[in-house]
Amino acid sequence: MESATLSRIGLAGLAVMGQNLALNIAEKGFPISVYNRTTSKVDETLDRAAEEGKLPVSGQYSPRDFVLSIQRPRSVVILVKAGAPVDQTIAALSEHMEPGDCIIDGGNEWYQNTERRIQEAEQKGLLYLGMGVSGGEEGARHGPSLMPGGSFQAYNNIKDILGKVAAQVEDGPCVTYIGEGGSGNFVKMVHNGIEYGDMQLISEAYDVLKNVGGLSNDELAETFTDWNRCELESFLIEITSDIFRVKDEHGDGELVDKILDKTGMKGTGKWTVQQAAELSVAAPTIAASLDCRYLSGLKEERENAAKVLNEAGLKEEIGSASRGIDKKRLIDDVRQALYASKICSYAQGMNLLRAKSLEKGWNLNLGELARIWKGGCIIRAVFLDRIKKAYQRNPNLASLVVDPEFAKEMVQRQAAWRRVVGLAISAGISTPGMCASLAYFDTYRRARLPANLVQAQRDLFGAHTYERIDLPGSYHTEWTKLARKSNASSP
């Protein structure tokens, strides 16, 4: 009798993401208790639950009442700001929880914080999940991509709920058990790093089409709509076409042209690049996207640089580069360059996930990760299904670049890719993401690189030794002594 009046799950932290996820859970038929330190947020959520279909949401106003209103073994989702607020919320709630109960952190948390909390929870007999949630406010309400990692028992306790709440695609819900420890948070972090790369590449395509091709916002909207019907079909391409159509309510023209060119960020992109460096994984497209966000923040410096360099005689090359441009061909070339660059960006993200999985023993299933990103999340795209199939064909695939299907597509597109990058360079338009992707491709595909010279330099000034291509073992050469001897014997 008692369990009939209790909620199946609880959620603490009722900013918009928390409210929307709670209402999504309730709408799928799971009674839910909600709690927030600011009680007005509880009332707001209850009002929304009533308005959006008399959903089974129970509002609680103290940590104790909240915890005790949930069926045992209790599962409590926390959606608060990462860092200290998570620890404070856990402390307030765990005081009233019992062994076997579970805490699920749904924020963008640093994976090592999750691993620390797993150990702390274990000391109290509690289970813990760090769960990446992607899809923004809309996704939280109508179906996100979910990346839970940590206690497998905790996952099994709420597997039925997550399966109904997640976005649904043809091969199942966009949720899977990621692995042990902080794997769920790490996977979400890399997802966000790939997202940084995607957004940067799209902005570069826009820059070239607008400033070299001379496309109007209407033409850009039409172009991105067309692209959303081809291999580029994705959430980010779709919303980009919508952005170009929105008029400015406070003046003439479209709103996009009135937005200040400074990009914000919350840290997951930086973490991704730092982890790539720690693991010696090349991720130049993602790193370039992060650098561009830093440079975009230097608005006043950039304006001053433009003025100083113009006065120094720097001429704008955009006009001459755009003369005689075939718009139709440019649009097609940029489409191909964008797609090839995206493959490189995703390859970098997947390689980072594989390297971390090997280091931590997480046994990540890269094909399954691609599958759960097909719906709900920000990077959802049709070609993720092809990434899934690539890893199904070969779970030990060294890189997406060498999957036979993707390799063929990249070779077919490389001429257009080079044309776009060359045109942008000659026009003085920066395309760091596309350039980084192309450089990554060109470096990765070459059987021999000029790294032999770099290693010789290292051996000369630091006696770091080198290996030979024709003999086994390590070698050191007295380069300077031999060079002087050679000079002395020269006629």
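How many bridges join strand 1 to strand 2, and do the two run parallel or antiparallel? In this predicted model, four bridges link strand 1 (residues 9–12) with strand 2 (residues 32–35), and the two strands run parallel. One of the pairs is easy to find in the structure: Ala12 has Tyr35 of strand 2 as its bridge partner.

A step back helps to place these strands. The protein has 491 residues, 50% of which count as buried, and its secondary structure comprises 21 helices and 11 strands. Its C-alpha trace spans about 100 × 65 × 45 Å along the principal axes. About 23,700 Å² of surface is exposed, with carbon and sulfur atoms supplying 52% of that area. Among contacts between residues at least 6 apart in sequence, 70% join residues at least 24 apart.

Strands 1 and 2 belong to an open sheet of seven strands, arranged in the order 3-2-1-4-5-6-7 with mixed pairing. Strand 3 (57–60) and strand 7 (145–150) form the edges, each pairing on one side only. From one strand to the next, the twist averages 25°. Helix 7 (residues 152–165) packs on this sheet, where it touches strand 1, strand 4 (75–78), strand 5 (102–105), strand 6 (127–134) and strand 7. The direction of helix 7 makes about 45° with that of strand 6.

Strand 4 is a good place to look next. Strand 4 pairs with strand 1 in the parallel sense over three bridges, and with strand 5, also in the parallel sense, over four bridges. Ala12 appears again here, since its bridge partner in strand 4 is Ile78. Ile78 in turn stands opposite Asp105 in strand 5. In a regular strand, side chains alternate between the two faces of the sheet. Along strand 4, Ser75 and Val77 point one way while Val76 and Ile78 point the other way, and all are buried.

Away from the sheet, a pair of helices deserves a visit. Helix 17 (residues 383–393) packs against helix 18 (residues 404–427) at an angle of about 130°, and their axes are 9 Å apart. Because of this angle, helix 17 is oblique to helix 18. On the helix 17 side, the contact involves Phe383, Arg386, Ile387, Ala390 and Arg393, which meet Glu405, Phe406 and Glu409 of helix 18. The residues of this contact divide into four nonpolar and four charged, with no polar ones.

How values were computed
Residues are numbered from 1 along each chain as its sequence is written. This is a predicted model: local features need pLDDT of at least 70, side-chain atom pairs count only at pLDDT 80 or more; totals for chains, interfaces and linings use all residues. Side-chain values use heavy atoms; hydrogens and water are left out. Axes are lines fitted to C-alpha atoms, for helices over the stretch in contact, and angles run from 0 to 180 degrees between N-to-C directions. Angles under 35 degrees count as roughly parallel, over 145 as roughly antiparallel, 65 to 115 as roughly perpendicular and the rest as oblique. Contact means heavy atoms within 4.5 Å. Ala, Val, Leu, Ile, Met, Phe, Trp, Tyr, Cys and Pro count as nonpolar, Asp, Glu, Lys and Arg as charged, and the others, Gly among them, as polar. Two strands pair if DSSP finds at least two bridges between them. Buried means under 20% relative accessible area, exposed over 50%, partly exposed in between (1.4 Å probe, protein chains only). Accessible areas come from the Shrake-Rupley method with a 1.4 Å probe; for residues, only the protein chains shown count as cover.
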